[in-house]
Amino acid sequence: MNTRKITKADFDQIVEVIDHWWGGPASTSAFVHPIFFYELGDNALIVEQDGLLIGFLLGFIHASVPKTGYVHFVGIHPDHRRKGVGRVLYETFTEHCQRLGCARMKAITTTSNDGSIRFHQALGWNAEEIENYAGPGRRRIVFTKPLSI
């Protein structure tokens, strides 16, 4: 597996495959916004194997106190799930965030996304269910992980 920064060609390919990788249109397309290439591309990662895009992570650094690395959206090719691609993306992004002085990591998912919840907990992230996080009646699981800098 080769991990590297995103290119415009990678972003274009992600836009083409995201609905298939995530199982349906509409809800996922909005999460893969061009801002993650044009404005935040220094923090977006690609994993490829034998020249094939098999995973990506769209994230950014938030200058809050404490400075936070935020994982916005991750996609793994269906044929490459449960093979360590997500772990490689998270570890690479976390190391990048640490180099930039982040003191913690953060990610969010819906309460029904059992796979995401298990994945984050397996990587040692803390999970907290927060009422109304995404608006009235819209609970979310907020993951955080402190970093030693």
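# Why the terms fit: a predicted model

Guide: Leu45 has its place in strand 2. The model is predicted: local features need pLDDT of at least 70 and side-chain atom pairs pLDDT 80 or more, while totals for chains, interfaces and linings use all residues. Residues are numbered from 1 along each chain as its sequence is written, and side-chain values use heavy atoms, without hydrogens or water.

Visitor: What makes a stretch such as strand 2 a strand?

Guide: A strand is a DSSP run of E with at least two residues, a helix is a run of H or I with at least four, and both are numbered from the N terminus.

Visitor: Why is Leu45 called buried?

Guide: Buried means under 20% relative accessible area, exposed means over 50%, and partly exposed lies in between (1.4 Å probe, protein chains only). Leu45 has 9%, so it is buried.

Visitor: Which residues does Leu45 touch?

Guide: Contact means heavy atoms within 4.5 Å. Leaving out residues up to four places away in sequence, Leu45 touches Thr3, Arg4, Gly55, Phe56, Leu57, Leu89, Thr92 and Phe93.

Visitor: Why is Thr68, in strand 4, called buried?

Guide: Thr68 has a relative accessible area of 3%, so it falls in the buried class.

Visitor: What makes the pairing of the Thr68 and Arg104 side chains a polar contact?

Guide: A polar contact is a pair of N or O atoms within 3.5 Å; within protein, one must be able to donate a hydrogen and the other to accept it, and residues adjacent in sequence count only if both atoms are side-chain atoms. The two side chains meet at 2.9 Å, so the distance satisfies the limit.

Visitor: Why is Ile61, in strand 3, called partly exposed?

Guide: Its relative accessible area is 23%, so Ile61 sits between the two limits. Ile61 also touches Thr68.

Visitor: How do you know whether helix 1 has the expected span?

Guide: The expected span is 1.5 Å times one less than the number of residues. Helix 1 (residues 8–22) has 15 residues and reaches 21 Å between its end C-alpha atoms, close to the 21 Å expected.

Visitor: What makes the kink in helix 1, and where is it?

Guide: The bend at a residue is the angle between axes fitted to the seven residues ending there and the seven starting there. In helix 1 the kink is about 40° and is centred on Glu16. Just after the helix, Gly23 takes a positive phi of about 85°.

Visitor: What makes the largest pocket a pocket?

Guide: On a 1 Å grid over the protein atoms alone, a pocket is an open set of points with protein on both sides within 12 Å along at least five of seven lines, whereas a cavity is a set where a 1.4 Å probe fits but cannot get out; lining residues have an atom within 4 Å of a point. The largest pocket has 35 lining residues, with Trp22, Val74, Asn113, Gly115 and Ser116 nearest its centre. Strand 4 gives the largest share, seven residues.

Visitor: Why is Arg82 called exposed?

Guide: Its relative accessible area is 85%, so Arg82 is exposed. Arg82 lies in the loop between strand 4 and helix 3, and has a positive phi of about 65° although it is not a glycine.

Visitor: Why is Asn132 called partly exposed?

Guide: Asn132 has 44% relative accessible area, so it falls in the middle class. Its phi is also positive, near 60°.
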